[in-house]
Amino acid sequence: MKNVKPRVKVPKSASAGEVITIKTLISHPMESGQRKDKDGKVIPREIINRFTCDFNGENVIDVTLDPAVSTNPYIEFDAKVPEAGEFKFTWYDDDGSIYEDSKKIAIG
Amino acid sequence: MTMTRRDALALAMGGFAASVLPLPALADATADAIAKFTGGATAGEGGLTLTAPEIAENGNTVPVSVDAPGATEIAIYAPGNPTPGVAVFKFGPLAGSQAASIRIRLSKTQDLVAVAKMADGSFVQAKSTVKVTIGGCGG
């Protein structure tokens, strides 16, 4: 079992309509499928292939990731906050696993 | 058939063209990937900023950011990597700006390419050369 841990940085509060910067990082080996082990066998590809962020059910960003994305994929982007609510972050692994995290944000 | 000076020149040019052909063939995978993204449309210039370091000491984590106000999607390609695709960002209705940063792997010194799909359906492209000291794709 991989030790996958998502980490997300979202401000605790924002004014209505404000644009905030969100930073996300997930610990994941992102095995590219290009490397070989010491016996010369190719290590199979095992990456996070998609990341999405939604706010109160509305999409903020949807990212498709390829093997060229670094280990522990870090993604930074901006989001508009029209009202108080919850950001939902989802990472999709090649092996079918889904990792989730969420962060509440208040208006004030 | 007599060989005129013109024929000889044409022959020489043909030989030259054949000898440089293998190079564009390498970049074809990227061209194909971009064509798939744009649907064959030609990408213009301007409106898209691709920020990447001039020199990346470690090809395993190269910080890259893209910014294209008014874009709906931005794709990044690394033509020098074993597979050219890097990432595609699709911006939803709540995206605060059409910009994002990510850390990527580069196997060698190369020209990074970013292509953005604008809201009106047109495409723009930007390039940035990154010198890589240590490649980041394993051996």
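This is a short tour of how chain A and chain B meet, and of the two sheets that run through both of them. Keep in mind that the model is predicted.

**Chain A on its own**

Let's start with the parts list. Chain A has eight strands and zero helices, so to speak an all-β readout from the N terminus on: β-β-β-β-β-β-β-β. Measured out along its principal axes, the C-alpha trace of chain A spans about 60 × 20 × 20 Å. That span is a computed value, like every other number here.

**The six-strand sheet**

One open sheet crosses from chain A into chain B. Its six strands come in the order β1(A)-β3(A)-β6(A)-β6(B)-β3(B)-β1(B), and the pairing is antiparallel. Which strands stand at the edges of this sheet? They are β1 (5-9) of chain A and β1 (49-51) of chain B; each has a single partner strand, so one side of each has no neighbour in the sheet. From one strand to the next, the twist averages 20 degrees.

Walking in from the chain A edge, β1(A) is joined to β3 of chain A (residues 18-27) by five bridges, with the two running antiparallel. Within that pairing, A:Val8 has A:Thr24 as its bridge partner, and A:Pro6 has A:Ile26. Next along, β3(A) and β6(A) run antiparallel and share eight bridges. A:Thr24 turns up again here, with A:Ile75 of β6(A) as its bridge partner. That residue therefore links to β1(A) through A:Val8 and to β6(A) through A:Ile75, given that pairing is read from bridges.

Then comes the step between chains. β6 of chain A (residues 74-81) pairs with β6(B) in the antiparallel sense over four bridges. One of the bridge pairs puts A:Glu76 opposite B:Ser101.

**The ten-strand sheet**

The other sheet to look at is also open and also spans both chains. It holds 10 strands, in the order β2(A)-β8(A)-β7(A)-β4(A)-β5(A)-β5(B)-β4(B)-β7(B)-β8(B)-β2(B), and its pairing is mixed. At its edges are β2 (13-14) of chain A and β2 (55-58) of chain B, each with a single partner strand, so one side of each is left without a neighbour in the sheet.

Here are some of the strand pairings in this sheet, each with one of its bridge pairs.

| Strands | Sense | Bridges | A bridge pair |
|---|---|---|---|
| β2(A) and β8(A) (residues 98-107) | parallel | two bridges | A:Ser13 and A:Ala106 |
| β7(A) (residues 85-93) and β8(A) | antiparallel | eight bridges | A:Trp91 and A:Tyr99 |
| β4(B) (residues 71-77) and β7(B) (residues 110-118) | antiparallel | six bridges | B:Ala71 and B:Met118 |

β7(A) and β8(A) also make a hairpin, with four residues between the strands. In that hairpin A:Gly96 takes a positive phi, near 95 degrees.

As a reminder of what holds such pairings together, strands of a sheet pair through backbone hydrogen bonds, in either the parallel or the antiparallel sense.

**Where the chains touch**

Now for the interface itself. The contact draws 31 residues from chain A and 29 residues from chain B. About 2,400 Å² is buried between the two chains, with carbon and sulfur atoms giving 51% of that area. Which three residues supply more of the area that chain B buries than any other three? B:Leu94, B:Arg103 and B:Arg105 do, with 31% of the area that chain B buries against chain A.

How many salt bridges are counted between chain B and chain A? The count is zero. Polar contacts are another story: 18 residue pairs are in polar contact across the interface, with both residues at pLDDT 80 or more.

On the chain B side, β5 (85-91) and β6 (95-104) each supply at least two of the residues that touch chain A. β6(B) gives the largest share, nine residues. Sorted by class, the side of chain B that touches chain A has 15 nonpolar, 11 polar and three charged residues.

**A closer look at B:Ser97**

B:Ser97 sits in strand β6 of chain B. Leaving aside residues up to four places away in sequence, B:Ser97 touches A:Asp78 and B:Phe91. B:Ser97 and B:Ala87 are 10 residues apart in sequence, and their C-alpha atoms are 17 Å apart in space.

Terms used
Residues are numbered from 1 along each chain as its sequence is written. Chains are lettered from A and ligands numbered from 1 in the order in which they are written. This is a predicted model: local features need pLDDT of at least 70, side-chain atom pairs count only at pLDDT 80 or more; totals for chains, interfaces and linings use all residues. Side-chain values use heavy atoms; hydrogens and water are left out. Contact means heavy atoms within 4.5 Å. Buried area is the accessible area (1.4 Å probe) that two parts lose on being put together, summed over both. A salt bridge is a side-chain nitrogen of Lys or Arg within 4 Å of a carboxyl oxygen of Asp or Glu. A polar contact is a pair of N or O atoms within 3.5 Å; within protein, one must be able to donate a hydrogen and the other to accept it, and residues adjacent in sequence count only if both atoms are side-chain atoms. Ala, Val, Leu, Ile, Met, Phe, Trp, Tyr, Cys and Pro count as nonpolar, Asp, Glu, Lys and Arg as charged, and the others, Gly among them, as polar. Axes are lines fitted to C-alpha atoms, for helices over the stretch in contact, and angles run from 0 to 180 degrees between N-to-C directions.
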